[in-house]
Amino acid sequence: MIARTLYLAAAAAGGSATSQFPEFFQQYLQRLGGHADQAAIQAARIRDAAAAEKLSLQAYLDSFLNSQISAHRRQGEILQVELGEADRLRQSLESLTQSPVWQRPFLMASQAETDILQAAATAYQPAVPITPEGFIYAGIGALMAIILLRSLRSIPSLFRRKAPQ
C-alpha cells in the first residue's frame with residue numbers, strides 16, 4: 001500500500017513537472033519571436049539606409065568598417081552584429097517552430113538564447129496542461145518518475161535498515 005502511494009505520488013510529481021514544458025516552450029517562443037521581429041526591423045533599416053546611399057549592403061558596411069574614424073568602425077561592427085543577430089534569431093525561431101514535439105526540448109537546450117530563456121523563466125507562470133502535447137509530456141514525466149523510483153528502490157542499501165550492532 002505504501003509503495004503504491006509512493007509510486008502514485010512520484011508519477012503525479014513527475015507528470016506535473018514535465019507537463020509544464022509545452023507552456024514554457026510557448027512563452028519562450030513568444031519572447032524569441034518578439035526579439036526576432038525587432039531584429040528584423042533593425043536589419044531592414046540597415047538595408048534601407050544602404051539603398052538610400054545607392055550602395056550594396058556589404059559596400060555600406062565596408063564604408064563604416066574601413067573608415068579612418070574609430071567611431072565609424074565601431075558602428076560598422078555594431079551593424080554587422082545586428083544583421084547577424086537578425087539571421088540567427090530568425091533561424092532559431094524557424095527551427096523551433098517547425099520541429100516535431102519530441103525534438104523541442106533537445107533543440108531548445110542546444111539553441112536557446114540565454115537572455116531570452118532567463119527572462120521567460122523569470123516571468124513564467126505554471127499552467128494547466130490541457131493540450132495533447134501537455135498530456136504527452138505529463139505521461140512521459142510520470143513514467144520517468146516511476147522508472148527513477150524503481151531504480152532507487154532496487155538499491156537495497158537505500159531502503160533497508162541496518163541491524164543494530
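Here a colleague and a modeller talk through some helix contacts and a salt bridge in a predicted model.

Colleague: What makes the model trustworthy or not, part by part?

Modeller: The mean pLDDT (the predictor's confidence in each residue, from 0 to 100) is 85 for the protein, and 93% of residues reach 70 or more. Confidence is highest in helix α3 (residues 57-65), at a mean of 96, and lowest in helix α8 (residues 156-159), at 58. Where pLDDT is low, the coordinates should not be read in detail. In this predicted model, local features need pLDDT of at least 70 and side-chain atom pairs 80 or more, while totals for chains, interfaces and linings use all residues. Residues are numbered from 1 along each chain, and side-chain values use heavy atoms, leaving out hydrogens and water.

Colleague: Why is α2 called oblique to α5?

Modeller: The axes of helix α2 (residues 21-52) and helix α5 (residues 104-111) cross at roughly 45 degrees and come within 11 Å. Angles under 35 degrees count as roughly parallel, over 145 as roughly antiparallel, 65 to 115 as roughly perpendicular and the rest as oblique. The crossing therefore makes α2 oblique to α5.

Colleague: How do you know which residues of α2 and α5 meet?

Modeller: Contact means heavy atoms within 4.5 Å. Phe21, Phe24, Phe25 and Tyr28 of α2 meet Arg104, Pro105, Met108 and Gln111 of α5. By class, that contact has 6 nonpolar, 1 polar and 1 charged residues.

Colleague: What makes α2 oblique to α6?

Modeller: The axes of α2 and helix α6 (residues 114-123) come within 9 Å and cross at roughly 130 degrees. That angle is why α2 is oblique to α6 as well. Among the residues of α2 in this contact are Phe24, Tyr28 and Leu32, and α6 brings residues including Ile116 and Leu117.

Colleague: At what angle do α2 and α4 pack?

Modeller: They pack at about 145 degrees, with their axes 8 Å apart. The residues of this contact divide into 15 nonpolar, 5 polar and 3 charged.

Colleague: Why do Arg90 and Asp87 count as a salt bridge?

Modeller: A salt bridge is a side-chain nitrogen of Lys or Arg within 4 Å of a carboxyl oxygen of Asp or Glu. The closest N and O atoms of Arg90 and Asp87 are 3.9 Å apart, and the two form a salt bridge. Both are in helix α4 (residues 70-97), and because they are 3 residues apart, about one helical turn separates them. A search of the whole structure finds 3 salt bridges.

Notes: Axes are lines fitted to C-alpha atoms, for helices over the stretch in contact, and angles run from 0 to 180 degrees between N-to-C directions. Helices (H or I, at least four residues) and strands (E, at least two) are DSSP runs, numbered from the N terminus. Ala, Val, Leu, Ile, Met, Phe, Trp, Tyr, Cys and Pro count as nonpolar, Asp, Glu, Lys and Arg as charged, and the others, Gly among them, as polar.
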